[in-house]
Amino acid sequence: MELIPSFSVDHTLIIPGIFISRQDQVGDGVVTTYDVRVTKPNVEPAVDVAAMHSLEHIIATFLRNDPDWKDEIVYWGPMGCLTGFYLIMKGGRAPKEIHDLLLRAFRSVKDSEEVPGALPVNCGNYHMHNLDMAKWYAARFADYLEKNADNDAIFEYPKTERLVTDDGQQFFDS
């Protein structure tokens, strides 16, 4: 079976940031999936599951209510590995173009007094939330985004150098 694009990226080189995971043609338009990586995979601990759940609720609500962006937002949700989120948007914006939106979204978490939609009628696991930890992770990532706004490395997946043989073939490790 062919690996999907997000499993084809060398996770030993990924740093926190905002990356294009894939772009798909849908009808007459493009839908872009962004990899919003909050922690360094396989180096830093995964985000606490209850905090991740709270961040999902708070930031999804923020994004879908932002007057300038809400019509472009398709989906916001956690990665299974708990190192970040996927943001799916209409259009083909570069990661730098959504930096400010995500910075504002993560900064907004500090003002949350409750997790939206964290009631049994709205949420499939309403007991699994941790607002205080969500605030900590959000502040940490927002500070990182702000500090690294001019660092191109947080907007482009890392590239790996492949050995090329004399006859032009690329060498891949097994």
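In what order do the 4 strands of the open sheet stand? The legends below take this predicted model view by view, starting with the whole chain.

**View 1. The whole protein holds 3 helices and 4 strands.** From the N terminus on, the elements run β-β-α-β-β-α-α. The radius of gyration is 17 Å, close to the 16 Å that the globule rule gives for 174 residues, so the protein is as compact as a globular protein of that length. Its C-alpha trace spans about 60 × 40 × 35 Å along the principal axes.

**View 2. The strands form an open sheet in the order β1-β2-β4-β3.** The pairing is antiparallel. Strands of a sheet pair through backbone hydrogen bonds. β1 (17-26) and β3 (73-78) stand at the edges. Each has a single partner strand, so one side of each is left without a neighbour in the sheet. On average, neighbouring strands are turned by 15° against each other, direction ignored.

**View 3. β1 and β2 make a hairpin with 2 residues between the strands.** The two strands run antiparallel and are joined by 9 bridges. R22 has T33 in β2 as its bridge partner. Between the strands, look for the backbone of G27: this residue takes a positive phi near 60°.

**View 4. β2 meets β4 inside the order β1-β2-β4-β3.** β2 covers residues 29-37 and β4 covers residues 84-90. They pair in the antiparallel sense over 7 bridges. T33 appears again in this view, standing opposite I88 in β4.

**View 5. β3 and β4 form a second hairpin, with 5 residues between them.** Here 5 bridges pair the strands in the antiparallel sense. W76 has L87 in β4 as its bridge partner. In the turn, L82 has a positive phi of about 60°.

**View 6. Helix α2 lies across the strands of the sheet.** The strands it lies across are β1, β2, β3 and β4. Helix α2 runs at about 120° to β1.

**View 7. Helix α1 packs on helix α2.** Two packed helices are described by the angle between their axes and the distance between the axes. α1 spans residues 49-65. For α1 and α2 the angle is about 130°, with the axes 9 Å apart. The two helices are therefore oblique to each other. Their crossing is right-handed. On the α1 side, I59, F62 and L63 make the contact. They meet L101, R104, A105, F106 and S108 in α2. The residues of this contact divide into 6 nonpolar, 1 polar and 1 charged.

**View 8. Helix α2 also packs on helix α3.** α2 spans residues 95-108 and α3 spans residues 131-147. They pack at an angle of about 150°, with their axes 8 Å apart. α2 and α3 are therefore roughly antiparallel to each other. This crossing is left-handed. From α2 come H99, L102, L103, F106 and R107. From α3 come A138, A139, F141, A142, D143, L145 and E146. The residues of this contact divide into 8 nonpolar, 1 polar and 3 charged.

**View 9. F106 of α2 takes part in two helix contacts.** In one, F106 belongs to the α2 residues that meet I59, F62 and L63 in α1. In the other, F106 is among the α2 residues in contact with α3.

Technical notes
Residues numbered from 1 in each chain as written. Predicted model: local features only at pLDDT ≥ 70, side-chain atom pairs only at ≥ 80, totals over all residues. Heavy atoms only, no water. Axes fitted to C-alpha atoms, helices over the stretch in contact; angles between N-to-C directions. Parallel < 35°, antiparallel > 145°, perpendicular 65-115°, else oblique. Left-handed = near helix turned anticlockwise from the far one by under 90°. Contact = heavy atoms within 4.5 Å. Nonpolar A, V, L, I, M, F, W, Y, C, P; charged D, E, K, R; others polar. Pairing = 2+ DSSP bridges. Rg over C-alpha atoms; globule rule 2.2 N^0.38 Å.
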